[in-house]
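Reader: I'd love a close look at one part of this model, with its neighbours brought in as you go. Could you take me through it slowly, strand by strand and helix by helix?

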Amino acid sequence: MQPVKKINETLQAGGYNDQLISLYGAENLAAQTKRYAAVLERYGKIYGWGVKVSLYTIPYSIALPAAGAELAVATTVDMIAVVAENGVNITRMQTLTYGGEDNIDFYQRGPFIEDVGHSAAVLRGMLIAFRRAGIQLTGNDIYLDSLAMPGSGFATPTLLATLLGAVLNKQFAKSAFSPEDIAGMVRWTLANYCSAPGYATSAEVVASVCGNAAAVSFNEMATTAQTMRVPLEGISIFTLNTGETKLNGSIANMEAACGTLAQVLGKKNLADFEEAEFYAAAEELKNKTNLETTLAGFEYYTRKNKAKTGAALAKPGQKSAPAPQDAPFSEKKLGGASIWRNAPLAANWAVLNVVTKGLEGAFVAAAEGLFGKGSTAPVAPREQGFLTIVD
């Protein structure tokens, strides 16, 4: 651990260039240096420049549908966190893209219904998951930077819980818990504190923790993950920053939206329309429907391409067992928390798109025609999983 000010000075002087280049590529060094500096500067202003902190990164993972197994791959899109123990029983958490602060007392077990749908539920649940496992904790002060990614495997609650699990495991459990153990805690938290059983697969958590461009298949006992390098042949992956649209999460009614698009295109359903034809017609579709409905078409082909990839990579196995729901909601909350998700500072969404190889140019032209030049960015599998930049 080092003082925030020293880490920022070392960053600005190029002291972490090799690590950043290995994670993001030389072409993204300047942008990532600026990104890390912004997080460190905010932490210093809020919690103090002299506080000794650790700096972490963890990749988002993409779930790939596959019969009989869970598969996922870590990506170059990540969440970064500046973390320091504060010596009390309150964990405070803020993020670069939201206003306010979560204040969670880990002695207030919960779960509390008013936390559901907010980061407070994830934070409280993971703290309690470690206490249930017999781990003695102290509070942390945490500052995050993360893209808000609805649907398509880029699920912020899952990754936030995974990050917290990896950090707490390193801080307080001497890394005693395996990636599969952390997956169990994450899924328990989502089921019991977020009212989202089945929201995350164990494979997504393991891939984020382990990296190594890992696809994950569970054995017959559904307790041990098998990791392997993933040849993502036949597809390319992009994020699409939609800007300030009305989109506020995963597209609620894909079937209806795709039906509308098919009708405009003179087809019975979107399955009768080739992916390349859809990209060529995107501007016309937006003009005849609206931006959000057209975005459903991008999501349709993303799901279709993910399913093809997952089927090609499927290995014998089975899905992990359902997470137990054994923590009933408490009726009354003793203390409060300022929920940062109540005060978003930006209405932008970065949406995952999986595109058939060879159609990258058509996708970029269509997407940037709708959302502006520079709104797309390529995503690749990431070799590193959860990583400590500064211990």
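Author: Happy to, and what follows is a walk through one strand and its partners, then a few helices and two single residues.

Please keep in mind that this is a predicted model. Let's begin with strand 6, which covers residues 140-145. Is strand 6 enclosed by the rest of the structure or left open? Of its 6 residues, 6 are buried, so strand 6 is largely enclosed by the rest of the structure. In a regular strand, side chains alternate between the two faces of the sheet. Here N140, I142 and L144 point one way from strand 6, while D141, Y143 and D145 point the other way. All of these residues are buried, whichever way they point.

Now for the partners of strand 6. Strand 3 pairs with strand 6 in the antiparallel sense, over 6 bridges. Two positions let you trace that pairing on your screen: E85 stands opposite N140, and V82 has Y143 as its bridge partner. Strand 4, made of residues 90-95, also pairs with strand 6, but in the parallel sense and over 4 bridges. There you can look for T95, which stands opposite L144. So which residues of strand 6 face a named partner? That list includes N140, opposite E85, Y143, the bridge partner of V82, and L144, opposite T95.

Strand 3 deserves a look of its own. It runs over residues 71-85 and is mostly covered, with 13 of its 15 residues buried. Besides its pairing with strand 6, strand 3 pairs with strand 2 (residues 52-64) in the antiparallel sense, over 10 bridges. A handy marker for this second pairing is I62, which stands opposite V73 in strand 3.

Just before strand 2 in the chain comes a loop that links it with helix 3 (29-47), and G50 is found in that loop. With a relative accessibility of 62%, G50 counts as exposed. G50 also has a partner from far along the chain: K5 is 45 residues apart from G50 in sequence, yet their C-alpha atoms are 6.5 Å apart in space.

Next, the helices. What angle do helix 4 and helix 6 make where they cross? The axes of helix 4 (residues 119-132) and helix 6 cross at roughly 130° and come within 9 Å. The two helices are therefore oblique to each other, and their crossing is right-handed. On the helix 4 side the contact is made by A121, V122, G125, M126, I128, A129, F130 and R132, and on the helix 6 side by M185, V186, W188 and T189.

Helix 6 (residues 179-192) also meets helix 7 (residues 202-210), with axes that come within 9 Å and cross at roughly 130°. Helix 6 and helix 7 are therefore oblique to each other as well, and helix 6 passes helix 7 in a right-handed crossing. Here P179, E180, I182, A183, V186 and R187 of helix 6 meet S202, V205, V206, V209 and C210 of helix 7. V186 is worth selecting, since it appears in the contact with helix 4 and in the contact with helix 7.

Finally, find N305 in helix 10 (residues 291-313). Its relative accessibility is 2%, so N305 counts as buried. The side chain of N305 makes a polar contact with the side chain of T356, at 3.2 Å. Leaving aside residues up to four places away in sequence, N305 touches I235, E275, V354, V355 and T356.

Definitions and conventions
Residues are numbered from 1 along each chain as its sequence is written. This is a predicted model: local features need pLDDT of at least 70, side-chain atom pairs count only at pLDDT 80 or more; totals for chains, interfaces and linings use all residues. Side-chain values use heavy atoms; hydrogens and water are left out. Buried means under 20% relative accessible area, exposed over 50%, partly exposed in between (1.4 Å probe, protein chains only). Two strands pair if DSSP finds at least two bridges between them. A polar contact is a pair of N or O atoms within 3.5 Å; within protein, one must be able to donate a hydrogen and the other to accept it, and residues adjacent in sequence count only if both atoms are side-chain atoms. Contact means heavy atoms within 4.5 Å. Axes are lines fitted to C-alpha atoms, for helices over the stretch in contact, and angles run from 0 to 180 degrees between N-to-C directions. Angles under 35 degrees count as roughly parallel, over 145 as roughly antiparallel, 65 to 115 as roughly perpendicular and the rest as oblique. A crossing is left-handed if the near helix is turned anticlockwise from the far one by less than a right angle, and right-handed if clockwise.
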